[in-house]
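Let's take a walk through a protein model together. Keep the 3D view open and turn it as you read.

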Amino acid sequence: MPEITRDEVAHLANLARIDLSDAELDHLAPQLNVILESVASLSEVVSADVPPTSHPLPLTNVFRDDVVTPGLTAEQALAAAPASEQQRFMVPRILGDEQ
């Protein structure tokens, strides 16, 4: 199993635009190696007779019928609004004149 070197971690950090100190590079390289070893050990467990699954139990989606129902009219929707103008809700302006 190839190991990730400190220089490779520095290169990856540079590509990701992450500024790491020397101490962080020294700390991360062994941790990334442990992660790679863990992933490699999983590949040893995988068996050809076990089908890949995304969930341990079979799942089915339950959809309701899409039934069209009447919505509110503009007047009904605006009836409880504190203020409206031209069939729209009026709200306080939050932006200045700069656009």
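Is Ala 74 buried, partly exposed or exposed? With a relative accessible area of 30%, Ala 74 is partly exposed, because that value falls between the 20% limit for buried and the 50% limit for exposed. Before going on, keep in mind that what you have in front of you is a predicted model. You'll find Ala 74 in helix α3, which covers residues 74-78. Now look for His 27: it sits 47 residues away from Ala 74 along the chain, and the C-alpha atoms of the two are separated by 62 Å.

Next, go to helix α2, residues 22-45. Does its length make sense? Let's check what we'd expect. This helix has 24 residues, and at 1.5 Å a residue it should span 34 Å. In the model, the C-alpha atoms at its ends are 36 Å apart, which agrees with that expectation. If you try the sum yourself, remember that the expected span is 1.5 Å times one less than the number of residues.

Which residues of α2 are buried? They are Leu 25, Ala 29 and Asn 33. And what covers them? Part of the cover comes from helix α1, residues 6-15. Take a closer look at Asn 33, which has a relative accessible area of 9% and is therefore buried. If you leave aside its neighbours within four places in sequence, Asn 33 is in contact with Glu 3 and Ile 4.

Now see how α1 and α2 sit against each other. They pack at an angle of about 105°, and their axes are 9 Å apart. The two helices are therefore roughly perpendicular to each other. On the α1 side, the contact is made by Arg 6, Val 9 and Ala 10. On the α2 side, Asp 22, Leu 25, Asp 26, Leu 28, Ala 29 and Leu 32 take part. Sort the residues of this contact by type and you get 6 nonpolar, no polar and 3 charged. Two names here should ring a bell: Leu 25 and Ala 29 are also among the buried residues of α2.

What about the charged ones? Here's a useful bit of background: side chains of opposite charge can pair when their charged atoms come close. The count for this model comes to 2 salt bridges. In one of them, the side chains of Arg 6 and Asp 22 meet, with 2.8 Å from N to O. Arg 6 lies in helix α1 and Asp 22 in helix α2, so this pair ties together parts that are 16 residues apart in sequence. Another salt bridge joins the side chains of Arg 6 and Asp 26, at 2.6 Å from N to O. This pair also links distant parts of the chain, with Arg 6 in α1 and Asp 26 in α2, 20 residues apart. Through their shared partner, Arg 6, Asp 22 and Asp 26 are joined into one network.

How open are these three to the outside? Arg 6 counts as partly exposed, at 29% relative accessibility. Asp 26 is partly exposed too, with a relative accessible area of 44%. Asp 22, at 52%, is exposed, since the limit for that label is over 50%.

While you're at α1, find Asp 7, which is in that helix. At 59% relative accessibility, Asp 7 counts as exposed. Its C-alpha atom is separated by 14 Å from that of Asp 19, a residue 12 places away along the chain.

Our last stop is a loop, and it starts with a bit of background on backbone angles. Most residues other than glycine have a negative phi. Which way does Gln 86 go, positive or negative? Its phi is positive, about 50°, although Gln 86 is not a glycine. Gln 87 has a positive value as well, with phi near 60°, and it too is a residue other than glycine. Where are they? Gln 86 is in the loop between β1 (84-85) and β2 (88-89), and Gln 87 is found in the loop between β1 and β2 as well. Gln 86 counts as exposed at 63% relative accessibility, and Gln 87 counts as exposed at 56%.

Methods: Residues are numbered from 1 along each chain as its sequence is written. This is a predicted model: local features need pLDDT of at least 70, side-chain atom pairs count only at pLDDT 80 or more; totals for chains, interfaces and linings use all residues. Side-chain values use heavy atoms; hydrogens and water are left out. Helices (H or I, at least four residues) and strands (E, at least two) are DSSP runs, numbered from the N terminus. Buried means under 20% relative accessible area, exposed over 50%, partly exposed in between (1.4 Å probe, protein chains only). Contact means heavy atoms within 4.5 Å. Axes are lines fitted to C-alpha atoms, for helices over the stretch in contact, and angles run from 0 to 180 degrees between N-to-C directions. Angles under 35 degrees count as roughly parallel, over 145 as roughly antiparallel, 65 to 115 as roughly perpendicular and the rest as oblique. Ala, Val, Leu, Ile, Met, Phe, Trp, Tyr, Cys and Pro count as nonpolar, Asp, Glu, Lys and Arg as charged, and the others, Gly among them, as polar. A salt bridge is a side-chain nitrogen of Lys or Arg within 4 Å of a carboxyl oxygen of Asp or Glu.
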